[in-house]
Protein chains: 2
Amino acid sequence: MVRTSHSQLDTPQAVREAARAGTLTGQTSGLAPGYAQANLVVLPRELAPDFLLFCQRNPKPCPLLDVTEPGDPVPRRAAPQADLRTDLPAYRVWKDGQLIAEPGHLMSLWRDDFVAFVIGCSFTFEGALLRAGVPVRHIHRGCNVPMYRTNIACEPAGVFHGPLVVSMRPMRPADAIRAIQITSRYPAVHGAPVHLGFPENLGITDLSRPDFGDPVPIEPGEIPVFWACGVTPQSVVMAARPPLVITHSPGCMLLTDLRDEELATG
Amino acid sequence: MVRTSHSQLDTPQAVREAARAGTLTGQTSGLAPGYAQANLVVLPRELAPDFLLFCQRNPKPCPLLDVTEPGDPVPRRAAPQADLRTDLPAYRVWKDGQLIAEPGHLMSLWRDDFVAFVIGCSFTFEGALLRAGVPVRHIHRGCNVPMYRTNIACEPAGVFHGPLVVSMRPMRPADAIRAIQITSRYPAVHGAPVHLGFPENLGITDLSRPDFGDPVPIEPGEIPVFWACGVTPQSVVMAARPPLVITHSPGCMLLTDLRDEELATG
């Protein structure tokens with residue numbers, strides 16, 4: 001079988017169909033440019049109210065783009081033609097907080113009590129940064145963004161509690177200012193930074209050793225700028241060790257029908 | 001003669017009338033809260049086109065709120081009831097770049113070839129910062145903001161050229177981020193910062209020795225945040241050593257009828 005060329009995957013529908021057909025099994029970064037990609041968290045119904053409240057109380061790390069009805073695999077606001085059981089390239093299944101499988105679809109796992117949370121992703125604001133001429137180090141280097149657990153506790157809700165996870169992008173000061181302006185327009189995808197300049201204020205002792213992703217160098221004259229990160233909800237969910245959770249596999253996001261620019265406030 | 005109590009000077013009109021009557025001869029900071037105060041530069045007509053172009057090319061230090069017709073002492077857009085010859089508490093008169101007088105009015109000096117430039121002032125965005133709970137160090141200490149000549153050249157225009165002057169406010173990172181968001185809404189009063197973090201990048205070697213205003217301490221965990229400053233146009237005009245220029249006296253601003261919030265972009 002001939003694998004779909006990624007150059008053809010320029011619409012959300014095409015990306016989702018390729019994932020559904022099994023011809024796209026890897027990362028979605030760069031596909032369907034201009035459309036918002038999203039993190040996925042699927043929980044059994046009994047945990048959904050607590051997690052919804054957690055997201056409401058922690059909008060910077062957990063900006064909700066859509067929440068499905070129990071059992072419904074269609075994110076009707078973010079991607080009304082999508083099927084969350086098949087349309088991501090890869091998933092992760094967690095049992096009691098342990099990773100037990102990384103399937104390409106959820107057809108045999110889906111339950112009629114599953115509630116899906118579609119959560120905004122920094123890809124959207126990174127596109128806006130690049131279009132504005134603000135360099136993004138990890139994209140330039142072709143690696144993952146460095147992410148760090150902080151000493152800042154999220155606002156707890158029910159069984160869900162844990163530290164804020166941040167992503168870090170080093171920038172020259174003028175670029176940092178512009179990046180703050182630009183990302184402030186995107187509260188639905190983490191919004192403005194939560195910190196800049198002093199990693200130790202966040203409890204980060206060594207920027208060269210991120211907890212997730214890859215380290216990137218900070219050049220002289222640059223400052224580290226920290227954004228709330230979509231890994232936060234995942235790590236919070238895992239810390240609660242629920243009986244069953246399903247998430248997207250890292251980098252294998254849901255392609256929504258929302259345009260990045262639709263998510264801008266002005 | 002009983003001097004007007006400042007507590008009564010809560011409208012632009014009242015402040016201007018007190019200045020006109022000679023009962024207000026000092027600084028205007030804090031008067032008529034909610035209304036935009038402005039810098040004043042008055043030039044003979046032959047220098048006005050160059051200065052207008054200079055302001056157009058350097059909008060961050062020189063945000064124009066109004067420019068009068070030659071000879072007209074009324075800033076018809078910013079304060080249509082004001083008389084620029086009388087309504088500021090004190091003026092400075094410069095001949096060939098030298099300060100020669102500091103009169104309380106311009107009735108005997110005004111000429112029918114004078115063009116007045118009304119330039120936005122950081123008081124407006126400082127009010128917005130305080131209302132948002134962002135502390136402003138020099139206001140808290142009751143002193144003037146520290147200002148520094150930088151090694152950044154303004155875009156020249158005709159006879160006008162010179163370095164950008166910046167004001168500095170030390171802030172905790174989270175406050176700096178909020179301050180960038182807030183001041184970005186006010187391009188008519190210098191807008192977003194031009195720099196943060198590295199004074200040496202601006203050619204500033206010692207923050208404790210400002211070129212204008214008063215030094216303020218930078219506490220541990222704070223970063224210096226730099227805004228383009230309305231002293232820039234004044235220093236640029238002086239450097240050109242024109243035969244005659246009139247400005248406001250430091251801190252003795254024009255009270256406009258523009259509300260601070262009218263100057264916000266959104």
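1. Two residues are taken to be in contact here if their C-beta atoms, placed from the backbone, lie within 7 Å. By that criterion, and bearing in mind that this is a predicted model, 16 residues of chain B are in contact with 16 residues of chain A.

2. On the chain B side of this contact, α5 (173–184) and β8 (195–196) each supply at least two residues, and α5(B) gives the most, with six residues. The class make-up of the side of chain B that touches chain A is nine nonpolar and seven polar residues, with no charged residues.

3. Within chain A there is a second contact to consider, since the chain is divided into domain 1, which covers 6–121 + 241–263, and domain 2, which covers 123–233. The C-alpha centres of domain 1 of chain A and domain 2 of chain A lie 22 Å apart, and the contact between these domains takes 22 residues from domain 1 of chain A and 24 residues from domain 2 of chain A.

4. Which elements of chain A each supply at least two residues of the side of domain 1 that touches domain 2? They are β1 (35–44), α2 (48–57) and β5 (114–120) of chain A, and of the contributors to this side α2(A) gives the most, with six residues.

5. As for residue classes, the side of domain 1 of chain A that touches domain 2 of chain A divides into 13 nonpolar, five polar and four charged residues. Charged residues are thus present on this side of domain 1 of chain A, whereas the side of chain B that touches chain A has no charged residues.

Conventions:
Residues numbered from 1 in each chain as written. Chains lettered and ligands numbered in written order. Predicted model: local features only at pLDDT ≥ 70, side-chain atom pairs only at ≥ 80, totals over all residues. Domains from an automatic or database assignment. Helix = DSSP H or I, 4+ residues; strand = E, 2+ residues; numbered from the N terminus. Nonpolar A, V, L, I, M, F, W, Y, C, P; charged D, E, K, R; others polar.
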